[in-house]
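Student: Hey, can we go through this protein together? I'd like to start with how its helices meet.

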Amino acid sequence: MFAKRATWSSERIELLKRCFHAGLSCSQIAREMGVTRNAVIGKMNRLGLSRPKDVVARQVEQRRDARLARSTIPRLARPKRPRPSIFTQHEMLREAFPEPQPPAEDIPIHNGRGCTLLELGQGKCRWPISTPGAADFCFCGNEPVEGLPYCPGHARIAYRRAGRHRRSAQA
């Protein structure tokens with residue numbers, strides 16, 4: 001294992017002391033000298049160098065004030081798209097599929113429009129086709145039901161009433 005070893009010559013120790021007395025942090029001293037922060041902390045401890053408590057308290061206060069000042073600056077947040085609740089989704093499905101509803105297996109799913117993840121957008125069905133990682137993996141890509149991520153055929157599969165079972169599971 002290769003490790004850099006700092007040799008603490010008298011010149012380097014003097015540089016460490018000058019930086020310390022100038023008020024630089026251990027990270028800043030380490031960057032200045034080309035060693036790790038832990039090497040600086042260890043050498044400072046062996047030399048008996050420590051900062052007075054009032055200086056440390058003032059530095060902590062300055063960092064906290066800077067953090068508070070940053071938090072008051074408004075961030076550019078991306079607008080949140082409101083998601084419909086499950087009840088709203090079921091209402092949308094009822095409007096899209098008036099009674100009587102055929103079984104989910106009977107609604108045709110139009111294939112042939114498959115798209116990759118990069119081509120997938122708001123106006124395309126997000127139902128995955130095949131196994132992720134397979135060469136033929138893609139997404140449905142058909143036009144979705146308004147307000148839902150799936151086309152009518154896949155929405156009927158994805159949003160089923162409780163207690164409903166697939167015909168293939170019963171067979």
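**Helices, cores and the whole chain**

Tutor: Sure! Let's begin with one helix pair: α1 and α2 cross in a right-handed way. Keep in mind that this is a predicted model.

Student: Okay, at what angle do the axes of α1 and α2 cross?

Tutor: Roughly 145°, and the axes come within 10 Å.

Student: And which residues make the contact?

Tutor: On the α1 side you have Arg12, Leu15, Leu16, Cys19 and Phe20. From α2 come Ile29, Glu32 and Met33.

Student: How do those divide into nonpolar, polar and charged?

Tutor: Six of the residues in this α1–α2 contact are nonpolar, two are charged and none is polar.

Student: Let's move on to α3. Which of its residues are buried?

Tutor: Helix α3 covers residues 37-47, and its buried residues are Val40, Gly42, Lys43 and Met44.

Student: What do those pack against?

Tutor: The buried residues of α3 pack against α1, which is 10-21, and α2, which is 26-33.

Student: What happens just after α3?

Tutor: There you'll find Gly48, with a positive phi of about 80°.

Student: Now the largest nonpolar core. Which of its residues touch the most other members?

Tutor: That core has 13 residues, and the ones touching the most other members are Trp8, Leu16, Ile29, Met33, Val35, Val40 and Met44. The elements giving two or more residues to this core are α1, α2 and α3.

Student: Why would nonpolar side chains be buried together?

Tutor: It's a general tendency: in soluble globular proteins, nonpolar side chains tend to be buried together.

Student: Ile29 has come up before. What is it in contact with, leaving aside neighbours within four places in sequence?

Tutor: Ile29 is in contact with Leu16, Cys19, Phe20, Leu24, Val40 and Arg51, once those neighbours are left aside. Apart from the core we just discussed lies another core, of 10 residues, including Leu93, Phe97, Val145 and Tyr159.

Student: Zooming out, how many helices and strands are there?

Tutor: Seven helices and two strands. Starting at the N terminus, the order is α-α-α-α-α-β-β-α-α.

Student: And how many residues count as buried?

Tutor: 23% of the protein's 171 residues.

Student: What about the exposed area?

Tutor: The protein exposes about 13300 Å², with 55% of that supplied by carbon and sulfur atoms.

Student: Last one: what share of the contacts is between residues 24 or more positions apart?

Tutor: If you take the contacts with a separation of 6 or more, residues 24 or more positions apart account for 50% of them.

Definitions and conventions. Residues are numbered from 1 along each chain as its sequence is written. This is a predicted model: local features need pLDDT of at least 70, side-chain atom pairs count only at pLDDT 80 or more; totals for chains, interfaces and linings use all residues. Side-chain values use heavy atoms; hydrogens and water are left out. Buried means under 20% relative accessible area, exposed over 50%, partly exposed in between (1.4 Å probe, protein chains only). Helices (H or I, at least four residues) and strands (E, at least two) are DSSP runs, numbered from the N terminus. Contact means heavy atoms within 4.5 Å. A nonpolar core is a set of buried Ala, Val, Leu, Ile, Met, Phe, Trp, Tyr and Cys residues joined through side-chain atoms within 4.5 Å. Axes are lines fitted to C-alpha atoms, for helices over the stretch in contact, and angles run from 0 to 180 degrees between N-to-C directions. A crossing is left-handed if the near helix is turned anticlockwise from the far one by less than a right angle, and right-handed if clockwise. Ala, Val, Leu, Ile, Met, Phe, Trp, Tyr, Cys and Pro count as nonpolar, Asp, Glu, Lys and Arg as charged, and the others, Gly among them, as polar. Accessible areas come from the Shrake-Rupley method with a 1.4 Å probe; for residues, only the protein chains shown count as cover.
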